[in-house]
Amino acid sequence: MKTLTRRDFLKICGIGAAGTAATLALTSCGEKEEAASDGKKTIVVGLNNDVATLGPFDLAQMGAFCIQPMFYMGLFQRDQFASDTLLPQIGKEYKLSDDGLTITVEMFDYVKDSAGNTIDADDVIFTWNYKKESGQYESVMKYIDSVTKLGDYTVEFKINELKLGIYADILSGFIVDSTWEEALYQTEPVSTGPYVVTQFAPSSSITFTKNEDWWQTDEKYIHPEQVANADVIEVKIIVESAQIPIALESGDIDMCTGLTFANARDYFMNDDGSAVDGYNVYTWSSHLIRNIAFNLSDESILKDNIALRQAICYAINNEELVQGVLQGAGTTLCTYGTSVYGDYNSAWETEDYYDYDVEKAKAKLAEAGYAAGEVTLTMISQTNDTFKKAMEMMKQYLSVVGINLEIIQYDAALYATYKLDFSQWDLLLDNQANSTAMTSIWNSFLRNTYATWKDVGVSVNGDNNEELTAMINEVNTPAGHTPENINKCHYYIKDNVLIYGLWAEQSYAVSNTSIADVYINTKLYVTPGPCVLAD
Amino acid sequence: MGKYILKRLLWMIPVVVGVAILIFTILYFVPGDPARIMLGSSATEDEVNVLRHTMGLDRPYIYRLGKFLVDTFLRIDLGSSYMTKLPVAETILDRVPNTLKLSSIGILLSVIVGVPLGVNAAVNRNTVAGDRGPMFIAMVGVSMPSFWLALLLVVLFAVKLKWLPAMGVGSFKHWILPAVSGSFGGIAAQARQSRSAMLEVIRSDYITTARAKGLSERVVIYKHALPNALIPVITGIGHALGNMLGGSLIIETIFGIPGMGMYMISGVNNRDYPVVQGCVIVLAVIFSIVMLLTDIAYSFVDPTIKAQYAKGKGR
């Protein structure tokens, strides 16, 4: 057998290299360029939140909140953020019993998903049984006693307690066909909405194509979230924040969401705040409440020391934080809530909310029993540039009054673990939001049912406060959701300095001029389908 | 030689099993609860506990490790992603071509550009145009972070000149910026490696002899000197391919390329253990194979090594 010589080897390497290069070039050239327009109205959208799965019941993906309304539908959906008015989707109308504990839903009798399955009462029951058996939806399921089929297209929900927003919580859940296969839906969803997913690369790109055979043809019943203006929507997931404005500027995308004010201003805004030529800038108030939670678990030095908590609040200059961290694109808060919620009381804005006062902060620190420099606290947050800047500024503010602050940021996974470990932190820089009401946020985070710490139910700040829990329970019922009760809770939280609202931000989206207006959905995210295209 | 290859392939088994045990143990002890991440911060303790039980996360370490090893190595099943519920092996197979394509183009660029630069620098040593200039650029290239170069290239070629797309996959053009920014450090490293290897060789007696025979400089350099300087260069290529496979996650994230790196990053962020474990095992196998091919390549370049392998004295 002929031995391979060194020269042969070098030749083989050369040929191999050339061959590989040629193959790569050919295979790449064979790939398609971006979808040709072929007369279809196509938009390309950049999304800065990851979408790893397209399952209907994946809870913690902010990116999914933007796109889900294009291909999943519930029985009903709110008409707008935090509203009580529900508009038809798969359900045509619903009736409440006199006591409000029975909901009878009549569905449209011509609903079909993109696989051709008819969606009827059996599918509603299947969906609810699936969610119940999974055990992961207890926060809603615990209010439902039964779901019963009354006819092919009629179902009845029996609930055991009236809670604020309970009808929307129950009726807006997505409905899937009883042939649902969990794994398949994660990447190849069967759609009940106006678009179908024609391509999905998890965490990279999704292509939606308008479903020309969509079941809902009666315009008066089309929810604003389900308006389909574009024929094809390509969504590119751009998790690298520096790439988002670049992708828009280079023409790779037509619209992007989730921009910071600094990016929007630096790339797409004139000095007077107007959009530069060739672009449209959209802004709206975010529902996220940025706040500091005080550790009130039994071991914490903040637990029985209101004066120390007050000293911290007085030491922080909220106005300057908004300027320094957000370049002014935000508003300071006067409660644990923001003005986007319907139950917010604008009268609170004129009252003192521990407004910045160094002398008062020093006096409160002395009242708390500490000399300057004697107390050191640990503040944690999730890794985030905005929070990082804010934490650094707060460290300076607190040092002025004599409180030492150690700041630590954790990635999302670690943060989710450590925020429930009350031995890890004294102050938690956090954000919360909700689509129902401000009091619903109090309900989720300030009652003693939020977490368990040392076998006791506690709130987000490790507190087992029965009095506050009872007050929040009451204010979160339709009958108890009165201005008086809301005020009572607000002042209790404020006077006892349980949690301190810092600021709310503006959200930004930017498009080129192929898009004339964006649609902000009922969760305050941009949904591309109903965005208005320029002529 | 066949015996040697077989021996090396068998050695890969304990190496990959060791890597699997190590990555499983690290992930087990790293704080962060996948169930909590999947359900979000407003989920109740009960909801999280139910999901943890469903996912088997409440089982003891030794049980989970045993199950993982049996599934991976006896059933050849890398499991399913917690997030997408899709088989990890299937997803890796979908994504690995993008990563391999990126790495291969990067390596090709490193070799095609880096090696001639290094050879030229050695032959023209101490000249500004041939040696000091390119070596200065190589020094900058080695020192420059790839993500920073990537963003600069994007701003220049995608935003200002509009010649190339800023991100995504599709046509050949989409691969140019990721490959260049990913391989720039490799080009620089190859140039420096080739230069020093060539400098060793061209001072040898047999090169003087070749010149004395009246051979042209081109023949002396490319026929007599270069092949003998290739061993450290091949070593460098092997390591560079490994580094590119492992380091592709930065480039893939910046350019939105759905490859293994991006998959692994999302797995790490979501504490999606099967994804991270699967990717690490696949990378370990690929890296082991690359190292084996590197060692085999030595034997073709250096007959003395081949003789050692043949006698069974090789590693």
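**Close-up views of chains A and B**

**View 1. Chain B, read from start to end, is a run of helices.** Following the sequence of chain B, we meet the pattern α-α-α-α-α-α-α-α-α-α-α-α-α-α. That gives 14 helices and zero strands in this chain. Please keep in mind as you look around that this is a predicted model. Computed along the principal axes, the box filled by the C-alpha atoms of chain B is roughly 85 × 60 × 30 Å.

**View 2. Chain B meets chain A across a shared interface.** How many residues does each chain bring to the contact? Chain A gives 60 residues and chain B gives 56 residues. Together the two chains bury about 4800 Å², and 63% of this lies on carbon and sulfur atoms. Three residues of chain B are worth finding here: Glu47(B), Met167(B) and Phe300(B) supply 12% of the area that chain B buries against chain A, more than any other three residues. As background, the size of an interface is often expressed as the accessible area that is lost when the parts come together.

**View 3. A salt bridge links Asp411(A) and Arg271(B).** Across the interface of chain B and chain A, the rule finds one salt bridge. Its partners are Asp411(A) and Arg271(B), with their closest N and O atoms 3.5 Å apart. Polar contacts also join the chains: the count is eight residue pairs, with both residues at pLDDT 80 or more.

**View 4. Several helices of chain B face chain A.** Which elements give two or more residues to the side of chain B that touches chain A? Among them are α5 (88–123), α8 (173–202) and α13 (273–301) of chain B, along with α2 (34–39) and α3 (45–55). The residues on this side of chain B comprise 31 nonpolar, 14 polar and eleven charged ones.

**View 5. Chain A holds an open sheet of four strands.** The strands of this sheet in chain A come in the order β4-β5-β7-β6, with antiparallel pairing. At the edges are β4 (91–96) and β6 (144–151) of chain A, each pairing on one side only. From one strand to the next, the twist averages 20°.

**View 6. Inside the sheet, β5 pairs with β7, and a helix lies across.** Strand β5 (residues 102–107) and strand β7 (residues 154–159) of chain A pair in the antiparallel sense over five bridges. Where does Val105(A) find its bridge partner in β7(A)? The partner is Val155(A). Helix α3 (residues 121–134) of chain A lies across β5, β6 and β7 of chain A, and runs at about 160° to β6(A).

Conventions
Residues numbered from 1 in each chain as written. Chains lettered and ligands numbered in written order. Predicted model: local features only at pLDDT ≥ 70, side-chain atom pairs only at ≥ 80, totals over all residues. Heavy atoms only, no water. Pairing = 2+ DSSP bridges. Axes fitted to C-alpha atoms, helices over the stretch in contact; angles between N-to-C directions. Contact = heavy atoms within 4.5 Å. Buried area = accessible area lost by both parts, 1.4 Å probe. Salt bridge = Lys/Arg side-chain N within 4 Å of Asp/Glu carboxyl O. Polar contact = N/O pair within 3.5 Å; in protein donor to acceptor, adjacent residues only side chain to side chain. Nonpolar A, V, L, I, M, F, W, Y, C, P; charged D, E, K, R; others polar.
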